[in-house]
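Got your viewer open? Let's take a walk through this one together, one selection at a time.

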Amino acid sequence: MPADHPAPSLSSGRADDFDFSGNYLFVAERLRMHRLDESLRPLLEARGGRIVRLQADGEPLATPDGWNLRDLPQDFFARYAFRAAFTTDNSTPPGLVPPEVPLIAIPHAFWETPQSEKLLGGWAAYLGNADYYLTQDLPASGQGLVSSLRRRDVVRLLPFGNLKLDLLRERWLNEPRKDIIMYCCGITAYGCPIPRKLEIVRRCLRDFPHHHVVVRPFPGAEAAYAPLTEALGHDERFILDTGGSTLRYLPRAAALLYDVHTTTGNIFLLATGQTAVCLPAHDRDEQALPYAQHAATPAEVSAAVAACLAQLEQGEVPALRRLRESILYRPGEARGLFWEYLACILQSEVPQQAVAVPCEYIGDCRPASRQEELALLLRRLRDGSVERSYNLFRGYPLYNNLEAFYRTLRRRAEKGLPCLVRLKQHPKGRALRVCRDEEADMPFLCWAPLRDYGPPGLKHLQTHQQQRLGALTADCAILLPDRSKSLFCRAFAELIEIVYGAAALPQP
């Protein structure tokens, strides 16, 4: 347990002399395991540390030298005697890491706005299962309350910056070759379709003969890119990058293409100070940094890449430099801060810069049945604590899906947007998610005036009604299930009422 008083700030000399050897745990879901290779692993291994990878799921291993929860031996923690554990956000299962092992969370994504403001507001649940959280900027205060599963009185925020951004900026500035056009792809469901990707890559290879084109699939989605390899594998300027860190090729990037939900795009913009090309997905609700160029068709992408190459000759965009300095704590110093903080933590001391956020221990929250899951969700909705508990119930799919769905509704409501919703197993479906207009063949429930959906939405609703799939219409709205019929329908309706108000629900 850390001491109640802060330790004096370590000088760089003290951190340099500290012994960091030993075993360290890195816990993340399979799709986030690559964050280790882009940040902590090279640092710790250079100072004698040994990383043990643990996937926080039962999926096949991303690398052969790790473990997953399904095959974890009972003596796992005794066998390795970890000095500390690291995780991405709140992806560590409750109760996995012993309380005596300090658990340090790093963001899985890059925040293009002041991160600590969101962490202390609606995103505070990311903090609840760790002892320390490395934030991009300097938290103003520790006000707020976080639900905790670690029996701690506080979780401590450590102003840190961003390791990947610092490393990329250093390597990009020191790399004289700028001979690559790189495309970092997002999750397949959010990115543009594979056939369009193929057209875009072909156009770049044709229009920019002096550059290689490197396509980086989202980890775990490599198989979907087989058509690109089949069509372009003969071209020595085409590279499908499927292993290791994105930092392998990014320092040579003269221009970057990226899908709208891809963190690497925003990191590249701020690290290099250069504009980049954002390829929108179907859903245009979330946009990239305003300094990126948006392009969809191959011709638009080609023109945007040409603009990026011209910008490269002009140097850093001043607005991107100012943004980097405004949302990052001490840009370029993340590595030094990492050693300073870790040395304090390993000595059971509190780093001087830490900002303490009070915790509310929520006890054993393992419901015994689905009815208990829903009852727990409703109770936490009514007392206003559901925002603090997100991701703490990862083992309970229905609760977790409803809670994630609530967050999605809230984000859209803040933007004044209506929502299309589908139930995979209507009307008793377990999995909920927002449905895009393009997925018009799927059954769904919706609310808000139908005019908000435009002609395509109205046409889909007409088809839906003609097929008699169980929805009812009244006063230009699709009615939700009767909340009196089941606890599930009651929870679903209450979510909407809390976010959109009682007027969003049909009255009996």
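Are Arg-150 and Asp-131 buried or exposed? Select the two and take a look: both Arg-150 and Asp-131 are buried. Keep in mind as you go that this is a predicted model.

**Stop 1: a buried pair**

Stay with Arg-150 and Asp-131, which form a salt bridge whose closest N and O atoms are 2.7 Å apart. The two come from distant parts of the chain, 19 residues apart. Arg-150 sits in the loop between strand S7 (146–148) and strand S8 (154–159), while Asp-131 sits in the loop between helix H5 (115–119) and strand S6 (132–135). What's behind a pairing like this? Side chains of opposite charge can pair when their charged atoms come close.

**Stop 2: two more bridges**

Next, select Asp-65 and Arg-53. Their side chains meet in a salt bridge, at 3.7 Å from N to O. This pair also links distant parts of the chain, twelve residues apart: Arg-53 is in strand S2 (49–55), and Asp-65 is in the loop between strand S2 and strand S3 (66–68). Asp-65 has 51% relative accessibility, so it counts as exposed, because the cut-off for exposed is over 50%. Arg-53, at 8%, is buried.

Now jump to Arg-330 and Glu-333. They form a salt bridge too, with the closest N and O atoms 2.7 Å apart. Arg-330 is partly exposed at 34% relative accessibility, and Glu-333 is partly exposed with a relative accessible area of 34%.

Before leaving the charges, add Arg-152 to your Stop 1 selection: salt bridges that share partners join Asp-131, Arg-150 and Arg-152 into one network. Across the whole structure, a search finds 18 salt bridges.

**Stop 3: the largest cavity**

Time to look for empty space. How many cavities of 30 Å³ or more does the structure hold? There are four. The largest has about 240 Å³ of space. To find it, select Ser-39, Ile-106, Pro-107, Asn-162 and Lys-164, which are the closest to its centre among its 17 lining residues. Colour helix H6 (163–174) and helix H9 (263–272) as well, since each supplies at least two residues of this lining. The lining is a mix: eight nonpolar residues, six polar and three charged.

**Stop 4: the second largest cavity**

Finally, select Phe-86, Ile-104, Leu-134, Leu-158, Phe-338, Tyr-341, Leu-342 and Ile-345, the lining of the second largest cavity. About 50 Å³ of space lies inside. Helix H12 (residues 334–346) gives the largest share of this lining, four residues. Here the count is eight nonpolar, no polar and no charged.

Note on methods:
Residues numbered from 1 in each chain as written. Predicted model: local features only at pLDDT ≥ 70, side-chain atom pairs only at ≥ 80, totals over all residues. Heavy atoms only, no water. 1 Å grid on protein atoms, 1.4 Å probe; cavity = no way out; pocket = protein on both sides within 12 Å on 5 of 7 lines; lining within 4 Å. Points joined across faces, edges and corners; volume = space filled by probe spheres on them. Nonpolar A, V, L, I, M, F, W, Y, C, P; charged D, E, K, R; others polar. Salt bridge = Lys/Arg side-chain N within 4 Å of Asp/Glu carboxyl O. Buried < 20%, exposed > 50% of the residue type's maximum accessible area, 1.4 Å probe, protein only.
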